[in-house]
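Here are some notes to read alongside the model, written for someone who is new to looking at protein structures. Please keep the structure open and find each part as it comes up.

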Amino acid sequence: MAEIVFYFDCASAFSYIGFEFMERYREIWNVKVDYRPFYLDKVMAQAKNSFSPNKLPYLFTDLRRTSDITKIPFKGTPLKYPYDPTAALRTLQYLKTRHPENDNLLMRQAMRLLWRMEYVECTAPESVDDVKKALEGLIAPETIDKAQTVADTLEPVVQNTSVLQKMRAFGAPTILVYKKGSTKPQMFFGSDRFEHIAIHLGEQFLPMKQLFANSKI
């Protein structure tokens with residue numbers, strides 16, 4: 001089975017879009033996907049990657065176009081942006097290690113809810129209380145509190161960030177693809193590289209409108 005490592009940051013709209021694509025191709029390709037949180041701002045800073053004033057408005061136009069085609073909910077970015085995603089990232093890392101069942105289903109459900117708060121409600125899930133509100137009904141508040149205090153929820157996020165810096169990554173999502181039986185991955189960047197990944201793996205690629213026709217995923 002091929003394996004994919006999907007590095008993401010909650011404070012990344014293209015991580016959100018890429019996640020929705022990845023979730024669909026995870027089923028179609030029958031691949032194992034490892035979602036790993038990291039600090040995008042630190043990776044971009046080391047890479048000296050900054051948004052051009054001319055490019056930034058286009059990125060939001062691009063996001064809205066993708067939303068129109070795929071029906072991935074997107075209304076804009078939070079009023080406070082960028083923001084510190086630590087509370088959200090630590091919570092997700094906690095769910096990943098404590099609840100690995102069903103391919104980290106609980107973590108994946110939480111990722112989607114956090115991004116819905118951010119890009120549909122346009123509220124940054126920055127504080128612990130924000131995270132609790134976003135995950136209300138899915139994750140108990142005391143679990144979110146605990147996630148902020150145990151060491152093994154912050155260290156992996158920092159380590160993931162360091163790994164990407166050493167790989168000279170520069171943005172999110174950063175996707176590492178391992179062919180079956182291979183220990184050497186190919187790196188892909190962005191939410192619009194799934195055709196490249198499909199060709200690399202020899203798997204099926206679908207136009208986005210067809211890919212998102214099944215709303216059950």
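1. A salt bridge, as the term is used here, is a side-chain nitrogen of Lys or Arg within 4 Å of a carboxyl oxygen of Asp or Glu. Glu-20 and Arg-116 fit this description, since their closest N and O atoms are 3.6 Å apart. Glu-20 belongs to helix α1 and Arg-116 to helix α5, so that this pair, with the two positions 96 residues apart, links distant parts of the chain. Please bear in mind throughout that the model is a predicted one.

2. With which other residue does the side chain of Glu-20 meet in a salt bridge? The partner is Arg-112, and here the N to O distance is 2.8 Å. This pair also links distant parts of the chain, as Glu-20 lies in helix α1 while Arg-112 lies in helix α5 (residues 101–119), 92 residues apart. Glu-20 counts as buried because its relative accessible area is 2%, and buried means under 20%. Arg-116, by contrast, has a relative accessibility of 27% and therefore counts as partly exposed.

3. A search of the whole structure finds 13 salt bridges, and one of them joins the side chains of Lys-80 and Glu-126, with 2.7 Å from N to O. Lys-80 sits in the loop between α3 (55–70) and α4, and Glu-126 in the loop between α5 and α6 (128–134), so this pair ties together parts that are 46 residues apart in sequence. Both residues are partly exposed, Lys-80 with a relative accessible area of 49% and Glu-126 with 23%. Elsewhere, salt bridges link Glu-23, Arg-26, Glu-27, Asp-103 and Arg-108 in a network.

4. Helix α8 (residues 155–166) is a useful place to practise reading a helix. Its 12 residues reach 16 Å from the first C-alpha to the last, which is close to the 16 Å expected at 1.5 Å a residue. The buried residues of α8 are Pro-156, Val-157, Asn-160, Thr-161 and Leu-164. Around the axis they cover an arc of only 140 degrees, and this puts them on the same side of α8. On the other side of the helix, Glu-155, Gln-159 and Lys-166 are exposed. It may help to recall that an α-helix has 3.6 residues a turn, so residues three or four places apart point the same way.

5. What covers the buried residues of α8? The cover includes β1, β2 (32–37), α2 (40–47), α4 (86–98) and β3. Asn-160, which has its place in helix α8, can be followed in more detail: at 9% relative accessibility this residue counts as buried. If neighbours within four places in sequence are left aside, Asn-160 is in contact with Tyr-7, Arg-36, Pro-37 and Phe-38. Just after α8, Arg-168 takes a positive phi of about 65 degrees.

6. Helix α3 can be read in a similar manner. At 1.5 Å a residue, its 16 residues should span 22 Å, and the end C-alpha atoms of α3 are indeed 22 Å apart, which agrees. Leu-59, Leu-63, Thr-66, Ser-67 and Thr-70 are buried in α3. Seen down the axis, the buried residues of α3 fall within an arc of 100 degrees, so they line one face of the helix. Among the elements that cover these buried residues are α1 and α10 (208–211). After α3 comes Lys-71, whose phi is positive, near 70 degrees.

7. In helix α9 (residues 194–201), which residues are buried? They are Phe-194, Ile-197, Ala-198 and Leu-201. When α9 is viewed down its axis, these buried residues fall within an arc of 100 degrees, so they line one face of the helix. Their cover includes β1 (3–8), α1 (13–29), β3 (174–178) and β4. Just after α9, Gly-202 takes a positive phi of about 70 degrees.

8. A last point concerns the surface, where Met-167, Phe-170 and Met-187 make a nonpolar patch of about 220 Å². Met-187 is found in strand β4 (residues 186–189), and at 34% relative accessibility this residue counts as partly exposed. Strand β4 has already appeared above, among the elements that cover the buried residues of α9.

Technical notes:
Residues are numbered from 1 along each chain as its sequence is written. This is a predicted model: local features need pLDDT of at least 70, side-chain atom pairs count only at pLDDT 80 or more; totals for chains, interfaces and linings use all residues. Side-chain values use heavy atoms; hydrogens and water are left out. Patches are made of residues with over 30% relative accessible area and no salt bridge: like charges are joined within 9 Å, nonpolar side chains (Val, Leu, Ile, Met, Phe, Trp, Tyr) within 5 Å. Accessible areas come from the Shrake-Rupley method with a 1.4 Å probe; for residues, only the protein chains shown count as cover. Helices (H or I, at least four residues) and strands (E, at least two) are DSSP runs, numbered from the N terminus. Buried means under 20% relative accessible area, exposed over 50%, partly exposed in between (1.4 Å probe, protein chains only). The arc is that of the directions from the helix axis to the C-beta atoms. Contact means heavy atoms within 4.5 Å. The expected span of a helix is 1.5 Å times one less than its number of residues.
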